[in-house]
Amino acid sequence: MTTTGSYPTATEDRLAILELIARLGLLVDARDWNALEQLFTNPVYSDRTSLFGGEPQTVSPSELVGGLRQALGNLDATHHLITCQVISLDGDQATSAANMQGTHVFANASGGPVWIAAGRHDYQLKRTADGWRIAGLTFTIQWASGNEHILTLAAAAPRP
C-alpha cells in the first residue's frame with residue numbers, strides 16, 4: 001500500500017470503500033451472516049422505511065444482520081447489484097451514494113416466485129482500526145416489480 005505519511009491516499013480509500021460495499025452485496029447473497037456483521041460499525045444506523053415503513057433504527061451489527069437473516073434467509077435465492085457509486089471523503093469519514101437492485105426468489109403457491117426492488121443506497125462510512133466500515137445505510141426505493149409478498153411468505157416458511 002502506498003501512503004502519504006501514515007495515511008492512505010484518497011485513491012486507496014476509495015478502492016477500500018468500493019470493495020467494502022461490493023462485499024456487502026456478495027455476502028448477503030452468499031448468506032454469510034458472520035462475515036456480513038464485520039462490515040459494520042457498532043452501532044450502525046439503518047433506514048429502510050421507504051420499503052417497509054416504521055422508523056429508522058440504530059442497532060448493533062448482530063441485530064442488523066439478524067433482521068436481514070430473518071427477512072432473506074429462507075428465500076431460494078437473492079441477487080443484489082450495487083452500481084454507480086459516488087464517494088465523498090472527509091478524513092476518517094465518508095459518504096457514498098449508489099444504485100441498488102435486489103432480486104428475491106421464493107417458489108410459493110401464492111403468486112409469482114420473484115420480487116425485484118430497486119432504488120438508491122446512501123452509505124455513511126467510518127475508518128476504524130480494522131479499515132473502513134459501514135456506519136449507516138439508507139435505502140430509498142424507486143421501483144419494484146413482481147410478488148412483494150415473497151419476503152413474508154419465506155419468513156413464515158419452516159427453516160430447512
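Reader: I'd like to learn how to read this thing. Among contacts between residues at least 6 apart in sequence, what percentage join residues at least 24 apart?

Author: The idea is to ask how far along the sequence the partners in a contact sit. Here, 60% of the contacts between residues at least 6 apart join residues at least 24 apart. Keep in mind that this is a predicted model.

Reader: Got it. How many helices and strands does the chain have?

Author: Count the elements, then read their order. The chain has 5 helices and 8 strands, and along the sequence they run β-β-α-α-β-α-β-α-β-β-β-β-α. The radius of gyration is 17 Å, close to the 15 Å that the globule rule gives for 160 residues, so the chain is as compact as a globular protein of that length. Along the principal axes, the C-alpha atoms fill a box of roughly 60 × 30 × 30 Å. As for burial, 38% of the 160 residues are buried.

Reader: Let's pick one helix. How far apart are the end C-alpha atoms of α1?

Author: The trick is to compare an expected span with the one in the model. Helix α1 covers residues 10-30, and its 21 residues should span 30 Å at 1.5 Å a residue; the end C-alpha atoms are 30 Å apart, which agrees.

Reader: And which residues of α1 are buried?

Author: For that you look at relative accessible area, where buried means under 20%. In α1 the buried ones are E12, D13, I17, L20, I21, L24, G25, L27, V28 and D29. You'll notice charged residues in that list, including D13 and D29.

Reader: Then take D13. Which residue does D13 pair with in a salt bridge?

Author: Look for a Lys or Arg side-chain nitrogen within 4 Å of an Asp or Glu carboxyl oxygen. The structure holds 4 such bridges. In one of them D13 pairs with R127, with the closest N and O atoms 2.8 Å apart. R127 lies in strand β7 (residues 114-128) and D13 in helix α1, so this bridge ties together parts that are 114 residues apart in sequence. D13 counts as buried because its relative accessibility is 6%, while R127, at 24%, counts as partly exposed.

Reader: What other salt bridge does R127 make?

Author: R127 also meets D92, at 2.6 Å from N to O. D92 is in the loop between β5 (77-90) and β6 (93-105), so this pair links parts 35 residues apart in sequence. D92 is partly exposed, with a relative accessible area of 40%. Through shared partners, D13, D92 and R127 join into one network.

Reader: Where do E19 and R23 sit relative to each other?

Author: They are 4 residues apart in helix α1, so about one helical turn separates them. Their salt bridge has its closest N and O atoms 2.4 Å apart. E19 is partly exposed at 47%, and R23 is partly exposed at 38%.

Reader: Back to D29. What is its nearest side chain of opposite charge?

Author: With a buried charge, check what surrounds it. D29 is buried yet has no salt bridge, and the nearest side chain of opposite charge, R31, is 7.6 Å away. Setting aside residues up to four places away in sequence, D29 touches T78, H79 and H80.

R133, in strand β8 (residues 131-146), is another case to practise on. R133 is buried without a salt bridge, and D130, the nearest side chain of opposite charge, is 4.8 Å away. The side chain of R133 does reach the backbone oxygen of Q38 at 2.8 Å. Beyond four places in sequence, R133 has contacts that include L20, F40 and Q124.

Reader: Now the backbone. Which residue just after α1 has a positive phi?

Author: Start with the expectation: most residues other than glycine have a negative phi, and most peptide bonds are trans. Just after α1, R31 takes a positive phi of about 55 degrees, although R31 is not a glycine. R31 sits in the loop between α1 and α2 (33-37) and is partly exposed at 25%. C84 also has a positive phi of about 55 degrees without being a glycine. C84 is in strand β5 and is exposed, with a relative accessible area of 57%.

Reader: Which residues does a cis peptide bond join?

Author: Look at omega. The cis bond joins N42 and P43, with omega about 5 degrees. P43 belongs to strand β3 (residues 40-47).

Terms used:
Residues are numbered from 1 along each chain as its sequence is written. This is a predicted model: local features need pLDDT of at least 70, side-chain atom pairs count only at pLDDT 80 or more; totals for chains, interfaces and linings use all residues. Side-chain values use heavy atoms; hydrogens and water are left out. Helices (H or I, at least four residues) and strands (E, at least two) are DSSP runs, numbered from the N terminus. The expected span of a helix is 1.5 Å times one less than its number of residues. Buried means under 20% relative accessible area, exposed over 50%, partly exposed in between (1.4 Å probe, protein chains only). Lys and Arg count as positive and Asp and Glu as negative; His and the chain ends are not counted. A polar contact is a pair of N or O atoms within 3.5 Å; within protein, one must be able to donate a hydrogen and the other to accept it, and residues adjacent in sequence count only if both atoms are side-chain atoms. Contact means heavy atoms within 4.5 Å. The radius of gyration is taken over C-alpha atoms; the globule rule is 2.2 Å times the number of residues to the power 0.38.
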